Structures are given as structure tokens and as C-alpha cells.
Amino acid sequence: MNFRKKVHKRGKFSRIGTFEKGAYLYSIIEKKYCKSSFVMKKLSAKLFLVLIPLACVFTGCQEKALSDGDYPIQPVSFNQVHVNDQFWAPRIELNHKLTIPYAFDQSEQTGRIKNFDIAAGKEEGGFCSIYPFDDSDVYKIMEGAAYSLENRSDSELEAYLDDLITRVGDAQEPDGYLYTNRTIMGDSAHPWAGSRRWELVHQQSHELYNLGHMYEAGVAHYLSTGKNTFLDICTKSADLLVKDFGWGKEENYPGHQEIEIGLAKLYRVTGKQEYLELAKFFLDIRGLEGDEYHQAHKKVIDQEEAVGHAVRANYMYSGMADVAALTGDEEYLTAIDRIWDNVVGKKLYITGGVGSMSAGEAYGDNYSLPNMSAYNETCAAIANIFWNHRMFLLHGDAKYINVLERTLYNGMLSGLGMSGDRFFYPNPLKSKGQHKRSAWFGCACCPSNLTRFIPSIPGYVYAVRDNDLFVNLYLGNQAEVELAGTSVKLQQITNFPWEEEVLLILQPENPVKFKLNIRIPGWTGEEVVPSDLYSFVDPVSRKVIINVNGQAVDYKIENGFAVVNRKWTAGDKVGMTFPMEIRRIRANEKVEADIGQVAIQRGPFVYCLEWPDQEEKQVLHLMVSEEPEMKYHFVPGMLNGVGVIETRGYSLTANLDGSLDKKEVVMTAIPYYSWAHRGNGEMTVWIPEKDESASPKPTPTIASKSKVTSSACKGPLSTVNDQLAPKKSSSKEFGHIHWWPKKKSTEWVQYDFSEPAEVSKVKVFWFDDKDLNAGCRVPKSWKLMYKKGNIWIEVEAKNEYGTARDQFNELNFSPISTTAMKLIIVQQDEWSTGVQEWIVE
């Protein structure tokens with residue numbers, strides 16, 4: 001079946017769901033499973049027959065949950081929570097209707113799927129796509145498709161998925177090895193793959209990374225359909241890993257973590273202890289030798305700070321949480337607690353994004369949170385949600401859900417365009433217009449990750465522990481859970497996240513006593529995040545209100561939850577009001593990028609200024625007043641319906657004498673997730689509130705009015721004369737140009753003036769990323785030419801041509817009159833170079 005041709009011909013479908021990172025299985029095999037008539041009603045007969053033996057293997061059919069053998073708190077699975085609101089339900093629907101088929105279509109077009117056919121010998125040719133990890137994109141989309149099949153009948157999708165599973169299985173080698181790049185290319189495999197199996201798993205081969213995603217997809221398909229076709233492929237592969245890896249065998253760790261999560265899931269569905277032991281081995285082997293980029297510089301239990309590639313790191317911390325829960329390893333738990341404190345206290349963006357550095361897609365230094373160059377990969381945000389959810393399941397503290405919610409509504413959601421087929425890979429907090437959403441990427445990890453994550457959101461709403469029900473997220477839904485042996489139906493009625501009222505209606509089959517734990521969002525009080533990294537400027541003026549059946553109720557706060565402990569009867573109504581006041585936020589003074597600036601938050605949303613909403617169609621020169629009056633209103637016809645905030649501020653313009661012109665203006669802010677849907681232009685999350693922190697619109701200069709050309713380079717040429725200079729040569733905050741990977745070459749940059757001018761000085765700020773261990777350095781030498789008629793002549797320099805880092809290099813020369821100037825740049829023998837800014841006076 002050619003599913004791709006059907007992409008835009010699909011009908012209207014109902015809401016779907018998924019289990020993320022095992023959420024479905026955790027609840028299916030929860031403590032009451034073997035005795036629950038409720039579960040039998042919810043599952044199809046086929047799926048029930050599949051899961052009953054599994055549940056008995058996993059739980060031993062015991063009344064008590066495996067508190068010492070899995071997470072003490074269990075999420076209520078996605079298929080028991082039916083979202084029907086106006087915010088998430090349309091997005092979940094769009095994911096099924098468009099994003100999943102679109103992602104399969106892109107995988108067909110880019111050769112990712114064809115690779116399996118070539119590896120199976122069904123087609124001829126070489127490896128069709130770019131990277132050896134491209135197999136993983138297919139697996140992630142398959143995982144999302146499997147989730148879709150759980151709650152909706154879709155014969156077309158099911159047939160396509162069945163066919164694709166067959167093609168994957170055909171590509172598997174007889175002993176279980178599955179890695180299409182090596183199977184196709186043999187000794188000519190990608191350089192990252194190494195000369196033999198597993199040789200470079202600790203670096204960039206991604207052999208184990210691919211398999212981790214396949215295992216997750218295989219488990220999802222098994223639990224959703226009851227078919228073991230994909231699961232059999234996975235266990236055959238995992239058995240090979242058990243044979244090949246371990247102490248005294250292949251003693252190596254995954255260069256990109258993920259296999260640990262997949263093996264933990266396989267352990268849960270098969271009961272094979274060796275899978276869990278192998279997951280722990282892949283963690284314990286780290287640190288014997290290795291680097292920070294791969295989180296292999298220390299043993300995992302000795303690591304104290306989040307370092308290196310952010311997605312790898314967060315997948316590892318999630319895997320450590322799984323192993324800690326399944327084995328009771330306290331050292332793992334202590335380590336991830338310590339690392340979590342580091343992230344939330346020193347490395348978390350106000351949007352919940354993580355991984356500030358584009359170099360290595362990595363965590364940066366403590367408090368290093370630049371805005372325009374912020375990387376904040378979408379996959380890292382998703383992984384941050386995975387990790388925080390697991391931390392909650394371990395500890396039961398609302399602070400983890402507070403971070404999860406911040407990431408969900410801001411850092412993650414910004415990665416997905418409203419059309420369902422446009423995506424962000426990095427998610428910056430400031431832009432001059434150089435950022436835009438893409439239809440796909442050569443490295444397509446983010447779109448494929450979104451396809452499997454979006455339908456998992458219902459699985460984050462509720463959780464249970466013994467006779468405790470946790471209400472973690474607020475969104476319109478109907479759900480059913482089991483507490484104290486009684487089925488309890490739940491209904492949330494709310495227009496959250498835009499409105500602050502939530503009504504929870506409980507319908508237990510019989511009167512039953514249990515604790516209702518209602519999360520109190522940090523933004524209703526004084527906690528931006530669970531640390532001093534950010535703080536609210538404006539105090540709250542209203543308190544959270546909770547009532548039962550219209551009457552105020554006494555409750556106590558435990559770990560960030562309001563706990564109401566009582567006997568519940570059918571029709572009980574719990575009313576909640578979470579005041580959504582407009583709050584300004586300041587960053588810790590150690591975050592240099594945010595000094596003298598404020599961010600704006602209302603409810604779970606962080607807001608930004610974007611160019612289309614401002615009178616002057618620019619935002620980077622705006623400044624908010626110190627005591628602004630801010631007003632909120634909802635605009636149904638804007639950006640699919642969005643709440644906007646208006647306030648008064650100033651438009652700043654710099655004069656040549658150093659003075660500032662201030663013009664009072666109205667500023668309009670929109671939720672950060674909704675930016676970049678109306679064309680390219682300026683955006684900022686952090687807004688200056690002091691003159692010294694502002695970036696006034698500069699007075700036009702000779703350089704800024706010039707036309708810029710250059711030898712073939714990378715980066716927008718407009719960054720060279722935009723009158724924005726960084727503090728460090730390695731900064732990517734305002735953009736730059738560079739000639740990497742060329743070395744030992746002569747390059748040039750040229751200004752053609754708008755009119756003849758007399759000049760006698762230039763200043764050049766070089767791009768040099770030595771402190772990032774990357775490939776650019778200051779030039780070996782350079783010279784300055786000016787145009788006289790049709791001839792280029794070198795200026796008569798009055799001082800040395802400077803190549804200092806982290807400053808402007810000023811060159812004075814005898815005055816000339818010209819219409820054009822050119823930098824002639826000689827690169828070092830082993831390094832490239834670049835230019836941040838070039839001023840002409």
C-alpha cells in the first residue's frame with residue numbers, strides 16, 4: 001500500500017493517544033491489574049489476553065504494587081484519559097490526521113524507509129539517506145502510529161504499519177543485527193559506523209541508539225495491537241545485545257543514550273531479567289574512559305552537573321530513573337537528584353528549554369543562558385519532560401510537574417508549527433528574523449520525536465499511588481481510574497490554559513475514601529522554578545481557591561499538592577481557581593544575558609514580543625516601563641485563538657552623540673509557542689526595563705547602509721553590519737559569518753557604500769570559537785583595501801592589523817574618499833575564521 005499518496009486524503013478522526021516512555025504499561029500492570037474488572041472493560045478481549053500473562057509475570061498478581069520494583073507512583077495511562085478541550089485535543093487530532101502521515105511521507109521521500117528494502121535485498125542501491133541514525137526516525141514515527149491505533153480504528157494505517165514492520169524484519173540479519181547502513185554498505189559503511197559491528201558505539205555509530213527507539217516502538221505496537229510481529233524483531237535484536245555486550249564481552253557504552261530506556265521497556269513486557277541487567281550495564285560502564293560530551297567523563301553515580309549533548313544527557317537521566325525504580329539503586333537516585341538540582345538551578349531557560357550551546361547541541365556553563373544563540377533543541381525539551389515525569393513518579397513532588405508544565409507549554413510546544421508540518425529544531429528566545437520553521441531536516445530527530453510525544457500528553461494528567469489520586473495537569477478530559485478497588489470516573493471541565501477555573505467531577509461506582517492531590521502550580525505563588533534562577537517581580541494578589549460541592553474545604557499542602565482526604569460519592573464536584581495574574585520575571589543576576597530585563601508570564605505561558613504586533617514592526621529596540629500596567633484579552637481569530645497582553649513602553653533610538661530618543665508606544669505580547677507563524681522578523685522573550693540594558697535602534701552609519709558581499713561563506717551577511725557586537729568572539733548571540741571548514745585560504749568581505757564617503761578608521765570584531773573547542777580562530781593576517789576608480793588599493797595603515805579576541809580591532813589609516821572597501825582575510829593553516837562585526841568611520 002502506498003500510504004504516502006493518501007497523506008492528504010484522510011477523513012475526519014477522533015482524538016488519539018499514546019503512552020510515553022512506558023506510561024501506558026506502567027498503569028496497565030499496576031497493583032490492582034489482576035483483580036480489576038474495570039481494566040477488563042477498558043481493554044479489548046485480544047489485548048486483555050495478551051496483557052494478563054504479562055501482568056502476572058511482572059507483578060506476580062500481588063495486591064500490593066512493586067514499590068521496591070518499579071515507580072511508587074503510577075501514571076494513569078493515556079487510553080484511560082480522553083482529552084476533549086479546545087487546546088490539546090485539536091493538536092492530538094492534527095498529529096494523527098496530518099503529522100504522522102506527513103512524517104512517513106518525508107521518510108519515504110528521503111530514502112529512510114527504502115534503506116530497509118535495500119538492506120533486505122529487495123531493492124538495489126546504496127544507503128539512500130544521510131546519517132546512519134536515520135533508521136531511528138522511522139522507528140519513532142512507527143511508535144507514534146502504534147499509539148494512534150490504540151484508540152481509533154484505522155485500517156489503512158494499520159495495514160501500512162504491518163507492511164513496514166515486515167520490511168524492517170526483512171532487513172534484520174539472521175543473528176538479530178539490525179543497522180541498515182552497515183548491512184547495505186559493508187566495509188564502506190559511514191565513517192561513524194566503524195570497520196566492524198559495535199566498534200564505535202561509544203562515539204557516533206548510533207547502532208544502539210537506533211535499537212533503543214526500535215524497542216520503544218516494538219513495545220508500543222505490541223501493547224496497542226496485541227501483535228508480536230514487531231516485538232519479536234526487538235527481542236531477537238536484544239538477545240544479540242545480551243550475547244555481545246557485558247562484563248568480559250564488549251565493554252562499551254552507547255555514544256547516544258536511548259537503549260537503556262528501550263531495554264527497560266522490553267524487560268517490562270517480557271520479564272527477561274537480562275534486559276534490565278544490560279540496561280544497567282550500559283550505564284555502569286560509563287566513566288571508565290570518555291568525555292563530557294557523551295556524559296562518560298565520570299561514572300554516572302559520580303556525576304554532579306548536566307554536561308554535554310543535552311538530548312543524550314536527558315535520555316540518560318531518564319534511563320537512570322528507570323533503572324533506579326526497577327532495581328532500587330539508591331546511588332542512581334542520588335545522582336539524578338543532584339543533577340536535576342543543577343539543571344533547575346543554573347541551566348534551565350525560562351521556557352523550560354535546555355541545552356544552550358549550538359556547539360555540540362550541549363548544556364553550557366552554569367548560568368550561561370544566551371537568548372539569540374540559544375539552542376534549546378526540541379528533542380531536548382521532550383527529553384526534559386520525560387525526565388521530570390520520572391522524577392515525579394519517584395518522589396511525588398509537584399515541583400517536577402511544575403517544570404514539566406513549563407516545558408510542555410513553552411519549550412516543547414514552540415517546536416511544532418500550528419500547521420502540523422512545520423518544525424523548529426533550535427528554539428531561541430530572541431531573533432532578528434534569521435529563524436524560521438522548516439518543513440523537514442536532514443537530521444529529522446525533532447519532527448519524528450514530536451509525532452510520538454504529542455499523543456502521549458493525556459498520560460501525564462493523572463497518577464495514582466495506593467489510595468492517592470494526583471491531578472497533575474489541567475485540561476478538559478474524561479477519565480477513569482481505580483482507587484481502593486473502586487472504579488472512579490473523572491471529568492475535568494475547563495478552558496485552561498487561557499482561563500483559570502477548573503471543575504473536577506468525580507463519579508465513583510461506590511462511595512470511597514481516598515486522597516485527592518491537587519497540584520498547585522508554582523506560578524500561582526512565588527515560585528517561577530524550584531530554585532533562585534528566576535523570581536517574580538510582582539507579588540500575587542489573589543490566592544488559589546478550592547471548594548467541594550460549592551463549599552470551601554480545609555486542605556493541607558504536601559509536596560506542592562493541596563490534599564483533600566475524604567469519602568467521595570457520585571457527583572461530587574471540586575472547583576478550583578488558579579489565579580492567572582500577569583507576572584514579570586527577573587533572572588538571577590548571574591545570568592548575564594538577562595540583566596536589566598524582564599520576561600512576562602500568565603498562567604503556564606511565557607510571552608514574547610514579535611514584530612507583526614508592533615507599530616514599527618520591530619521589537620529589539622523596545623523597552624518596558626518600570627511599573628507597567630498590563631492588560632490581557634483573548635483574540636479568537638489570531639494564531640488559532642490566543643491570549644495577548646498589552647502594555648506601554650518605549651521605542652528607543654540612539655543618536656550619534658550617545659543620547660537616546662524615547663517614544664512611548666503600545667507593546668503587544670503573545671505566547672512564546674505561537675511565534676514564527678507570520679513571516680520572518682524580530683522576536684524577544686526578555687524585554688529591557690533599563691536604558692543600560694536596552695538595544696536602541698542605531699542611527700544609520702556608513703557600514704549599516706552598505707551592501708555586503710563576500711567570498712562563499714556561511715551565515716547571514718547582514719550580521720556583519722547590523723551594529724550589534726557581542727562581548728566575546730565565540731558568541732553566537734547576534735550572528736556572524738564564517739568560512740568553516742575551509743582552511744589556509746584567502747577570503748574577503750566587501751562594503752559598497754550607498755554614497756561616496758571620506759573614512760579613516762575601521763573596527764573589526766573577529767569570530768573565534770576556540771573556547772568552544774570548535775573550528776574557527778582569528779585570521780593569520782588581513783589587510784584593508786579601498787576602491788579607487790576600478791582599482792583596489794591597500795590603505796596606508798597607521799597601526800598594526802589587529803587579531804585580538806573578544807574586542808574590536810581598530811585600524812587607523814590615512815583619510816581616503818571612496819565608494820567601497822574590502823577586507824582581505826588570510827585564514828590560518830589549520831583553522832577557519834569568521835567576522836562578527838565590521839565598523840567603518
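**Entry 1: charges over rings.** I looked up Arg 583 and found its charged end over the ring of Phe 536, 3.7 Å from the ring centre. I am working from a predicted model. I then went to Lys 662, whose charged end sits over the ring of Tyr 650, 5.4 Å from the centre.

**Entry 2: ring pairs.** I noted the count of aromatic pairs, which comes to 45. I picked out Phe 245 and Phe 282, an edge-to-face pair with 5.2 Å between centres and 65° between the planes. I placed both residues: Phe 245 is in the loop between α10 (229-244) and α11 (259-270), and Phe 282 is in helix α12 (residues 273-284). The two are 37 residues apart, so I entered the pair as a link between distant parts of the chain.

I checked whether these rings are buried or exposed. Phe 245 has a relative accessible area of 2% and is therefore buried, the limit being under 20%. Phe 282 is at 0%, so I wrote it down as buried too.

**Entry 3: a second pair.** I turned to Tyr 425 and Phe 441, which also pair edge-to-face, at 5.5 Å centre to centre and 80° between the planes. I found Tyr 425 in the loop between α16 (398-412) and β3 (430-431), and Phe 441 in the loop between β3 and α17 (445-453). They are 16 residues apart, and the pair links distant parts of the chain. I recorded both Tyr 425 and Phe 441 as buried.

**Entry 4: a cluster.** I followed the ring pairs that link residues into a cluster. Its members include Phe 87, Trp 88, Tyr 409, Tyr 474, Phe 496, Trp 498 and Tyr 673.

How values were computed. Residues numbered from 1 in each chain as written. Predicted model: local features only at pLDDT ≥ 70, side-chain atom pairs only at ≥ 80, totals over all residues. Heavy atoms only, no water. Phe/Tyr/Trp six-rings, centres within 6.5 Å; stacked < 30°, edge-to-face > 60°. Helix = DSSP H or I, 4+ residues; strand = E, 2+ residues; numbered from the N terminus. Buried < 20%, exposed > 50% of the residue type's maximum accessible area, 1.4 Å probe, protein only. Lys NZ or Arg CZ within 6 Å of the ring centre and 35° of its normal.
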